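Visitor: I have a protein chain here and would like to know how its descriptions are justified. Could you walk me through it?

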Amino acid sequence: MNQKEIKALISLLDDEDHEVSQHVEGKILSLGGTVIPFLETEWEDSFNPIVQRKIEELIHELQLSIMIERLQAWKNGGGLDLLEGMWIIATYHYPDLSMEKLKTTIEQLYYDIWIQFQEEMNAVDQVKRINSIFFGVMNFAANTKNFHSPTNSMINSVLESRRGNPITLCVIYLLIARKLGMPVYGVNLPNLFVLTYKSDKTQFYINVFNRGIIFSKTDIDHYIAQLNIKSKDIFYQPCTNLEIVQRVLRNLILSYEKTSEQDKIREIEKILKSTLDELPEG
């Protein structure tokens, strides 16, 4: 379909016949993400608020489809690059966000720690060195004032403000630690996301939300006992990048529940569902 035909379609968006306008919307959506630049141009050129609103809704719907396709492709490829997964989630709020910009920012943080890092240190001292820079010079910290804000789940926002929720702070910390060659992984605790340092010889845990405090398996035992829930292996062992991304999406749903944004809740639930394996029939 050429630009003239797309323009003609858009002009019918405010048609008084509901069936016509619905058919037009469906036709535009079927064209996929490539039509977004045309829609943006038409929005700028339009003086009709109804058409503008419909164009905004169509662009959002197309961007949502692109995001879901990217996330499924990332998952089907093994979810190998955690930063990519976090970037895809952030495009929900920031559709034009650059993956390269995120990479550059993480690379700079890594470099700033690497120049003060000594590989010959023992594991605990390595973590303490990261903590002193990450929470000191870099000024990363828990966003306790606006804990439920959706921006806490957007990695670009957390990199900019240096304030985030447990999981996004953990992801940034983990990405740096992995670049430093450390065996650091995410751990899915109930109500709290933490990291574990796990090698053949040693394993301990890091609470990034509490300035990187180091704790032990026994501490997790006590935590689980306090919550009065049954202990599970997943509370102690590394989780996958996909599980991290799914938890970020669940956090987003909770954020939108706090503000009763039903449309956003439905959209994030749809995104989350797209990452879950289909259950066998019967």
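Here is a conversation about the domains, the cores and one buried residue.

Guide: Happy to help! Please keep in mind that this is a predicted model.

Visitor: What makes this chain a case for speaking of domain 1 and domain 2?

Guide: The domain assignment of the chain gives domain 1 as 3-77 and domain 2 as 82-275. Their C-alpha centres lie 35 Å apart.

Visitor: How do you know that domain 1 and domain 2 are in contact?

Guide: Contact calls for heavy atoms within 4.5 Å. By that test, 11 residues of domain 1 are in contact with 18 residues of domain 2. The area buried between the two domains is about 1,500 Å², and carbon and sulfur atoms give 74% of that area. On the domain 1 side, Met67, Leu71 and Trp74 supply 46% of what domain 1 buries against domain 2, more than any other three residues.

Visitor: How many salt bridges are there between domain 1 and domain 2?

Guide: The count is 0 salt bridges. A salt bridge would need a side-chain nitrogen of Lys or Arg within 4 Å of a carboxyl oxygen of Asp or Glu.

Visitor: Why is the largest nonpolar core said to lie between the domains?

Guide: Both domain 1 (3-77) and domain 2 (82-275) give residues to this core, so the core lies between them. The core has 65 residues, and among these Phe134 and Ile172 touch the most other members. Helix α9 (residues 166-179) provides the largest share, 10 residues.

Visitor: What does Phe134 touch?

Guide: Leaving aside residues up to four places away in sequence, Phe134 touches Asn139, Phe140, Leu169, Ile172, Tyr173, Ile176 and Val208. Apart from the largest core lies another core, of 14 residues, including Ile10, Val35, Leu39 and Leu58.

Visitor: Why is Ile253 called buried?

Guide: Buried means under 20% relative accessible area. Ile253 has a relative accessible area of 9%, so Ile253 is buried. Ile253 is found in helix α11 (residues 241-258). Not counting residues up to four places away in sequence, Ile253 touches Ile265, Ile268, Glu269 and Leu272.

Visitor: Which residues does the annotation "domain: Protein SirB1 N-terminal" cover?

Guide: That UniProt annotation, from an unreviewed entry, covers residues 101-250. The end C-alpha atoms of residues 101-250 lie 25 Å apart, and the span is 47% helix and 17% strand.

Methods
Residues are numbered from 1 along each chain as its sequence is written. This is a predicted model: local features need pLDDT of at least 70, side-chain atom pairs count only at pLDDT 80 or more; totals for chains, interfaces and linings use all residues. Side-chain values use heavy atoms; hydrogens and water are left out. A nonpolar core is a set of buried Ala, Val, Leu, Ile, Met, Phe, Trp, Tyr and Cys residues joined through side-chain atoms within 4.5 Å. Buried means under 20% relative accessible area, exposed over 50%, partly exposed in between (1.4 Å probe, protein chains only). Helices (H or I, at least four residues) and strands (E, at least two) are DSSP runs, numbered from the N terminus. Domain bounds come from an automatic or database domain assignment. UniProt positions are given in the numbering used here, feature names are shortened, and annotations may be inferred rather than shown by experiment. Buried area is the accessible area (1.4 Å probe) that two parts lose on being put together, summed over both.
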